[in-house]
Amino acid sequence: MRGAGRLYLLHVVVGTLGVALFAGAAAVVVGEQSFALPSARAISSACDNWVQAGGPAALLGLSIAVLSLLAIGLGLKSVYRQSRASRRYMKTLTVSSDSVEIAGIRCRLIDGDEPLAFCAGYLRPSVYLSRGARKQLDVAELRAVVAHEAHHRSRRDPLRLLVGRALADSLFFIPILRRISDRYSALGELAADEAAVRAVKGRGPLASALLKFSESGFRPAPVVSIAPERVDHLMGDPDANRWKLPRSSLGRSLLALVALGAVVLLTWHGVLNPNLQVPLLLAATCMGLMVCGPIAIALGALSLSRRVPLLRRS
């Protein structure tokens, strides 16, 4: 489906632009820093002139530095959370050593009567099919379901979704990425449905297969599910495959990208000087620790002494 492919391309372009601008802003901020150890006179002078020398630009640089670390942490957390959820789900299943070939598509079998059909794996995805699904679906329905999952496999949709959601979680200040990621997930299902319809030359087998999955009474499979939009798409609704990106999110995302671009250009041309005075900040931190450390130790010892019961006199 063109809509899904173009939407994912938009997601990658916006995400890449956000990463590039954000990395550029962080790079120019770091490049403006001086990490040489200052003398006592330099520290005294910097204390007197820090606000004048840095001012709003220094606060902006500090904000970008903090956001950079936060974005990296959120991205890594998102990848870990998604991969862990996938591993946990796979551990709940009993994957057989046997496999079966349906319409030229090799499927790994899952033991059990629960009807399941899904695509999993990032670099080398595979199609998984349960024995219960083979029992409940006829030949045409089975071919439609497998063709659906084979489409996900050929496009490496699990990896695409992993990357898309990680970008959306990492670049949280570009809100349209979240909507694009969610929308691509929905359009990916519609694109796979179209592949299944083409494979069996009709909508009937896929529609009846989805109906059997929904009426089975088992917990839903991670991919095969009946969403109203999928039903509308199978019924020929032309609006089902639209991007449907909200203008408010687009506007806020555009403002964020313009702001990042402005920081890069203004710093590059010397208009902004986001020098954080890192040595001064480190010196101030050390001074704070020297003053607050003994106080904290004394308060901790006093609190501990009140909790330890006094020894009784013999």
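Trainee: In which helix is the place of Leu67?

Mentor: This is a predicted model, and in it Leu67 has its place in helix α3, which covers residues 55–91.

Trainee: Is Leu67 buried, partly exposed or exposed?

Mentor: Buried means a relative accessible area under 20% and exposed means over 50%, with partly exposed in between; Leu67, with a relative accessible area of 30%, is therefore partly exposed. Together with Leu70 and Phe172, Leu67 makes a nonpolar surface patch of about 230 Å².

Trainee: Turning to the strands, in what order do they form the sheet, and how are they paired?

Mentor: In general, the strands of a sheet pair through backbone hydrogen bonds, and they do so either parallel or antiparallel. Here 4 strands form an open sheet with mixed pairing, in the order β1-β2-β4-β3. Because β1 (95–102) and β3 (117–120) stand at the edges with a single partner strand each, one side of each has no neighbour in the sheet. From one strand to the next, the twist averages 35°.

Trainee: How many bridges join β1 to β2, and in which sense do these strands run?

Mentor: There are 5 bridges between β1 and strand β2 (residues 105–110), and the two run antiparallel; among the bridge partners, Glu101 is matched with Arg106 in β2, and Ser99 with Arg108 in β2. The hairpin of β1 and β2 has 2 residues between the strands, and Ala103 takes a positive phi near 55° there.

Trainee: Which sense does the pairing of β2 and β4 take?

Mentor: That pairing is parallel, with 4 bridges between β2 and strand β4 (residues 126–130), and Leu109 stands opposite Leu129 in β4.

Conventions: Residues numbered from 1 in each chain as written. Predicted model: local features only at pLDDT ≥ 70, side-chain atom pairs only at ≥ 80, totals over all residues. Heavy atoms only, no water. Patch = residues over 30% accessible without salt bridge, like charges linked within 9 Å, V, L, I, M, F, W, Y side chains within 5 Å. Areas by Shrake-Rupley, 256 points an atom, 1.4 Å probe, with all protein chains shown as cover. Salt bridge = Lys/Arg side-chain N within 4 Å of Asp/Glu carboxyl O. Buried < 20%, exposed > 50% of the residue type's maximum accessible area, 1.4 Å probe, protein only. Pairing = 2+ DSSP bridges. Axes fitted to C-alpha atoms, helices over the stretch in contact; angles between N-to-C directions.
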